[in-house]
Amino acid sequence: MSPSELHLRSESLEDTLAIARALGAGLRPGDVVALYGDLGAGKTLFCKGVGEALGISPDRIVSPTFTIVTEHAGPVPLTHIDVYRLAGAREADEIGMRELLSGDGVCLVEWAEKIREFLPTDCIQVTFSISGDDRREIAVVAADRPAFDDFLARSIRFQPGR
């Protein structure tokens, strides 16, 4: 495993929230987090945990599937994007996806595979695999940087074999 890729195991909804909070604690304005996984894999729950780490009440973070984009004011602004209902890149371009992804806050993108060509090359990628009722395998890939090292330390209890 390279230092920029981490595989984590979540045994419960609370574990998934804790992993998200650990990642969120190291995010900075301008960071983009691309979320991948099947329907029900935990992407929106993960967004709640990241938001909480950024000082935003998790109750305010709901799936923006029908609105596509939800912006949250907080100590670090959060843009939550769910592109599930977009037809493709052209539609994403029409709603200003490039501008949304280069905002002043943190940006979380659910169903990121649908807009891969718009994502910055240094975005953080989080992939969810369902391995049981509430169990998830979560892979996180990020550029090597001090914030990722901090995330490694904060998430050690979720690393298999630790």
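Which residues does V126 touch, not counting residues up to four places away in sequence? In this predicted model, the partners of V126 are L23, V33, A34, L35, Y36, F46, I138, A139 and V140. V126 is a handy starting point, and the overall fold helps to place it.

The protein chain is built from 5 helices and 7 strands. Following the sequence from its start, these elements come in the order β-α-β-α-β-β-α-α-β-β-β-α. The radius of gyration of the chain is 15 Å, close to the 15 Å that the globule rule gives for 162 residues, so the chain is as compact as a globular protein of that length. Along the principal axes, the C-alpha atoms occupy a box of roughly 45 × 35 × 30 Å. Contacts that reach across the sequence are plentiful here: among those between residues at least 6 apart, 64% join residues at least 24 apart.

As for the split between inside and outside, 48% of the 162 residues count as buried. The surface that the chain exposes comes to about 7,900 Å², with carbon and sulfur atoms supplying 51% of that area. The side chains include 17 positive and 25 negative ones, and the centres of these two sets are 3 Å apart.

Turning to the interior, the largest nonpolar core contains 30 residues, and V126 is among the members that touch the most others, together with L8, V33, F46, I124, V140 and F151. Two or more residues of this core come from each of β1 (5-10), α1 (13-24), β2 (32-36), α2 (43-53), β5 (106-110), β6 (124-130), β7 (136-141) and α5 (146-154). The top contributor is α1, with 5 residues. Apart from this core there is a second, separate one of 19 residues, which includes Y36, L101, W111 and A112. Y36 therefore belongs to the second core while also touching V126, a contact being heavy atoms within 4.5 Å.

Helix α2 deserves a closer look. Its buried residues are K43, T44, F46, C47, G49, V50 and G51. The elements that cover these buried residues include α1, β2, β4, β5 and β6. After α2 comes G55, whose phi is positive, near 90°.

Positive phi values also turn up at two residues that are not glycine. One is I68, with a phi of about 70°, which sits in the loop between α2 and β3 (69-72). Because its relative accessibility is 17%, under the 20% limit, I68 counts as buried. The other is W111, where phi is near 65°. W111 lies in the loop between β5 and β6, and with a relative accessible area of 12% this residue is buried too. As noted above, W111 is also one of the residues in the second core.

A87 offers a contrast to these two loop residues. A87 is part of the loop between β4 (78-82) and α3 (89-94). Its relative accessible area is 73%, over the 50% that marks a residue as exposed, so A87 is exposed. From A87 to T44 the separation is 43 residues in sequence and 20 Å in space, C-alpha to C-alpha. T44, for its part, is one of the buried residues of α2.

Notes
Residues numbered from 1 in each chain as written. Predicted model: local features only at pLDDT ≥ 70, side-chain atom pairs only at ≥ 80, totals over all residues. Heavy atoms only, no water. Helix = DSSP H or I, 4+ residues; strand = E, 2+ residues; numbered from the N terminus. Rg over C-alpha atoms; globule rule 2.2 N^0.38 Å. Buried < 20%, exposed > 50% of the residue type's maximum accessible area, 1.4 Å probe, protein only. Areas by Shrake-Rupley, 256 points an atom, 1.4 Å probe, with all protein chains shown as cover. Lys, Arg positive; Asp, Glu negative; His and termini not counted. Charge placed at Lys NZ, Arg CZ, Asp CG, Glu CD. Core = buried A, V, L, I, M, F, W, Y, C linked by side-chain atoms within 4.5 Å.
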